[in-house]
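Student: Please take me through one part of this model in detail. I would like strand pairing first, then helix packing.

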Amino acid sequence: MTRRIAVVGGGIAGLAAAHRLVERFGDADVSVLEADGRVGGVLRSVSEDGWVHEYAANAFLSGAPDGAVALCHELGVAVEEASAAAKRRWIWIDGALRALPGGPLDAIRTPLLSWRGKLRVLTEPLRGTRALGPDADESIYDFAARRLGPEVARAIVAPFVTGIFAGDARNVSVVAGFPKLAALEADGGLLRGGLAAMRKARAAREAAGGGAKRKRAPSRLTAPVGGVEALAAALADRLGRRVRTGARVTGVTPVAADVEVDIGGGAPQRFDAVVLALPATAAAPLVGAVPDLAPRLAEVEYAPVAVAYLGFRRADLAHPLDGFGFLVAQGEALPILGAVFESVLWSSRAPDGHVLIRCIIGGTREPAAVGEDDAALIARGRAALAQGFGITSAPVHTHVVRQRHGVAQYRVGHARRVADADAIARAHRLVLAGSGYHGVAVNDCIADARRVVAEVERITGEARS
Ligand SMILES: Cc1cc2nc3c(=O)[nH]c(=O)nc-3n(C[C@H](O)[C@H](O)[C@H](O)COP(=O)(O)OP(=O)(O)OC[C@H]3O[C@@H](n4cnc5c(N)ncnc54)[C@H](O)[C@@H]3O)c2cc1C
């Protein structure tokens, strides 16, 4: 019997899930129901007179086996790596800009840590380990402070976490937000676990006939040529008529062996399984008919984020901007979370002779800032660039983006809450997908499509065989 599967939400998570569902169940009737007039969700790349504005993700890391770059290759989407300058990054801390160490020698010299702080890092392998898991979670800040010392937690880990979650490292879960780090601790700690992981990877390569010497390709910052939205567009092309835009789902009700989906006031449609690839806060009001699910989904918070793009004439800037950009540590006076030198990473993102800088503003640190008008957000970006990099000339181009439900916050205990919500959903032939649950990065949303397929298989297998 043909499986009827609805995927609600045509962001990258929903599109990737639908793609893998079609691949797995060739004969299935898969429908992507997207409320908006376009697919891609928060991923959007808008070109304006040679300036390319990314509305959310501007890139992803290569090397993830089931990640975005692998999917780009599969779909024939051309990608480009960021320039080598991407390796150089700065942190604004204690009122000054300091380079992140790029290698062991830099790490010895870095002013980011005191000698005591550096010695504390070296003793990491001597620390005892803690069994971490959904029921024994801690914040990434506490994890870093415990294993590497409080200086590393404050000066390096916390700004890095702000760069990913636009959130506070003291609240973000290590188990849900950084599962690979939590897994290293299970293997003896960061150094011991890291060495064990390398040994395992080498053994796996040998077993696969690749030879121990053939190293894994390094992970590099990569993006589709022309912008990240190209990947969503390619997925939508591949899915063809299975994607319905302008289809706002208003209710999802399990009924006997089916799930009834209300779409924009029309007659309800029935499916064997429904994938909810929406922000958790958008999914919550749809599932009132499922006992205990809506309150759990409503618990997932999203940090609002604004992006102020500032474009300058290259000749007007004295600083070479020879790096990725910088992150601002908690408690500093700079009025932004960080900035990325977009056109240094990808020269095609600004017209010739110009530079494009993307300033990230708001997050959980200053959520109200996202409500400020464009002029105020641009002024924040200008003030930060003036203090950090001495850029005082007026921008020749500006563009502001607001993502009011920007980045999901994986608070301590998130993995347990999600496991419970997943179980409730599954029992009602629903699957939760998207950045609210199993990873916020584009790579995570795409890799999660395999789990979605396994869940649908489980649900429809039980329901139909
Ligand atoms: C400013 C910013 C910068 C970021 N930078 C990076 C980065 O550099 N690298 C990286 O990997 N990640 C980054 N991210 C994270 C990443 O972009 C997102 O986590 C990811 O794109 C979310 O995809 P999604 O499919 O889960 O959700 P969404 O993109 O939100 O898609 C959900 C879809 O559901 C639809 N929908 C909502 N309600 C309904 C309804 N009732 N019926 C039907 N459809 C509905 C929406 O219209 C939307 O299209 C960034 C995020 C932000 C905000």
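Tutor: Start with two strands of this predicted model. Strand β1 covers residues 4-8, and strand β2 covers residues 29-33. They pair in the parallel sense, over five bridges. For one matched position, look at Arg 4: Asp 29 in β2 stands opposite. Helix α1, residues 12-24, packs on the sheet. Helix α1 touches β1, β2, β10 and β14, the last at 273-276. The direction of α1 makes about 175 degrees with that of β2.

Now widen the view to the sheet. It is open and has five strands, with parallel pairing. The order reads β10-β2-β1-β14-β20. At the edges are β10 (243-244) and β20 (430-432), and each pairs on one side only. In general, strands of a sheet pair through backbone hydrogen bonds.

Next, a helix pair. Helix α2 spans residues 68-75 and helix α10 spans residues 229-239. Their axes lie 10 Å apart, and the packing angle is about 50 degrees. α2 is therefore oblique to α10. The crossing of α2 past α10 is left-handed.

Which residues meet there? From α2 come Ala 68, Leu 71, Cys 72, Glu 74 and Leu 75. From α10 come Leu 231, Ala 234, Leu 235 and Arg 238. Sorted by class, the contact of α2 with α10 has seven nonpolar residues and two charged ones. Polar residues there number none.

Notes:
Residues are numbered from 1 along each chain as its sequence is written. This is a predicted model: local features need pLDDT of at least 70, side-chain atom pairs count only at pLDDT 80 or more; totals for chains, interfaces and linings use all residues. Side-chain values use heavy atoms; hydrogens and water are left out. Two strands pair if DSSP finds at least two bridges between them. Helices (H or I, at least four residues) and strands (E, at least two) are DSSP runs, numbered from the N terminus. Contact means heavy atoms within 4.5 Å. Axes are lines fitted to C-alpha atoms, for helices over the stretch in contact, and angles run from 0 to 180 degrees between N-to-C directions. Angles under 35 degrees count as roughly parallel, over 145 as roughly antiparallel, 65 to 115 as roughly perpendicular and the rest as oblique. A crossing is left-handed if the near helix is turned anticlockwise from the far one by less than a right angle, and right-handed if clockwise. Ala, Val, Leu, Ile, Met, Phe, Trp, Tyr, Cys and Pro count as nonpolar, Asp, Glu, Lys and Arg as charged, and the others, Gly among them, as polar.
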